Amino acid sequence: MATKVQQVGIQMYTLRDQTEQDFLGTLRKVADIGYEAVEFAGYFGVTAKELRETLDDLGLAAPSAHVGLDFSSLDNMQTALSREIEYAQELGLQYIITPGSPVPANPSLEDVISLIPFFEKASEMVRAAGMKYGYHNHDFEFKKVNGQAIIDLWLEKIPAEHMIAEFDLGWVYVGGANPVDYVSRYAGRVPLVHIKDFDIAHNETDLGMGQVDFSRIFDIADQAGILYYIVEQETYASSSLESAKQSLDYFRKLNLI
């Protein structure tokens with residue numbers, strides 16, 4: 001196993017039923033469970049100052065946030081993103097991650113390439129504010145266009161220093177690719193990974209109950225430059241909080257925390 005340099009965090013979207021009711025209270029529950037870090041997907045009207053104070057009080061790191069882009073036009077995107085960047089700066093985030101993009105069901109090369117200016121402009125804005133910009137995949141980015149996966153087309157055309165990859169390892173698997181291969185291929189460009197498991201029928205499962213080979217990821221984590229394992233569950237058997245607890249127990253059993 002990798003030496004313990006990675007922090008285990010949770011994407012707060014996992015606890016969306018909780019955060020909608022009590023955002024700051026949910027952060028306290030996350031800290032009580034034992035998580036070391038959180039990744040945001042919205043702030044529920046809380047000011048950056050109050051959120052920063054809460055995180056400091058709870059001893060939680062907050063490296064990143066998912067911030068959707070307005071792909072309707074570059075002007076609209078910049079207007080909306082500038083507000084998010086200002087908040088992220090005050091909060092002290094390191095990474096702003098685009099959580100997905102509007103790729104058609106049967107994309108052409110033009111469809112794929114047409115999104116690159118949005119990523120490049122977003123990256124320019126984020127980097128100018130002293131943070132790093134990244135992209136989070138689902139499964140559709142592994143569709144082949146002209147014989148090449150969409151995600152590879154983007155990551156090859158956009159320099160590594162301009163866009164990191166936050167690989168969701170479960171969605172990489174569902175997309176028909178090997179998560180270990182992708183983490184290895186883009187070593188040094190993958191400071192955060194999403195830890196999500198799926199069974200052979202591509203149904204989401206509790207961590208360790210599916211088909212995703214996390215052990216090999218953990219073995220190469222240091223070499224690949226992974227700093228954060230971010231748990232994200234979109235479905236759960238009992239409750240979001242119980243799922244969050246079970247996910248952290250998975251890391252404890254492996255002596256990774």
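Buried is used here for residues under 20% relative accessible area, exposed for those over 50% and partly exposed for those in between, with a 1.4 Å probe and protein chains only. Helices (H or I, at least four residues) and strands (E, at least two) are DSSP runs, numbered from the N terminus. The model is a predicted one, in which local features need pLDDT of at least 70 and side-chain atom pairs count only at pLDDT 80 or more, while totals for chains, interfaces and linings use all residues. Residues are numbered from 1 along each chain as its sequence is written, and side-chain values use heavy atoms, with hydrogens and water left out.

A good place to begin is strand S8 (residues 164-168), where 5 of 5 residues are buried. Its two faces are both covered: Ile-164, Glu-166 and Asp-168 are buried on one side, and Ala-165 and Phe-167 on the other. Strands are taken to pair if DSSP finds at least two bridges between them. By this criterion S8 has a parallel pairing with strand S5 (residues 132-136) over 3 bridges, in which Gly-134 has Ile-164 as its bridge partner. S8 also pairs in the parallel sense with strand S9 (residues 192-195), over 2 bridges, and here Phe-167 faces Val-193 of S9 as its opposite residue.

These pairings belong to a closed barrel of 8 strands, in the order S1-S2-S3-S4-S5-S8-S9-S12, with parallel pairing. Neighbouring strands of this sheet are turned by 30 degrees against each other on average, direction ignored; the axes are lines fitted to C-alpha atoms, for helices over the stretch in contact, and angles run from 0 to 180 degrees between N-to-C directions. In the same barrel order, strand S1 (residues 7-11) and strand S2 (residues 37-40) are joined in the parallel sense over 3 bridges, with Ile-10 opposite Val-38 of S2. The UniProt record, an unreviewed entry, places the feature "domain: Xylose isomerase-like TIM barrel" at residues 27-254; UniProt positions are given in the numbering used here, feature names are shortened, and annotations may be inferred rather than shown by experiment. Over residues 27-254 the chain is 44% helix and 18% strand.

Two strand residues give a view of the interior. Gly-9 is found in S1 and counts as buried because its relative accessibility is 0%. Leaving aside neighbours within four places in sequence, Gly-9 is in contact (heavy atoms within 4.5 Å) with Tyr-35, Ala-37, Tyr-229, Ile-230 and Val-231. Ser-64 lies in strand S3 (residues 61-66) and, also at 0% relative accessibility, counts as buried. Beyond its neighbours within four places in sequence, Ser-64 has contacts that include Val-38, Glu-39, Tyr-95 and Leu-192. The side chains of Ser-64 and Glu-39 are joined by a polar contact of 2.8 Å; such a contact is a pair of N or O atoms within 3.5 Å, where within protein one must be able to donate a hydrogen and the other to accept it, and residues adjacent in sequence count only if both atoms are side-chain atoms.

Turning to the helices, the buried residues of helix H6 (residues 116-128) include Phe-118, Phe-119 and Met-125. They pack against helix H4 (74-91), strand S4 (95-98), helix H5 (109-113), S5 and helix H7 (150-157). Just after H6, Gly-130 has a positive phi of about 90 degrees. In helix H10 (residues 214-224), the buried residues include Phe-214, Ile-217 and Phe-218, and H10 is followed by Gly-225, with a positive phi near 85 degrees.

Methods: The expected span of a helix is 1.5 Å times one less than its number of residues.
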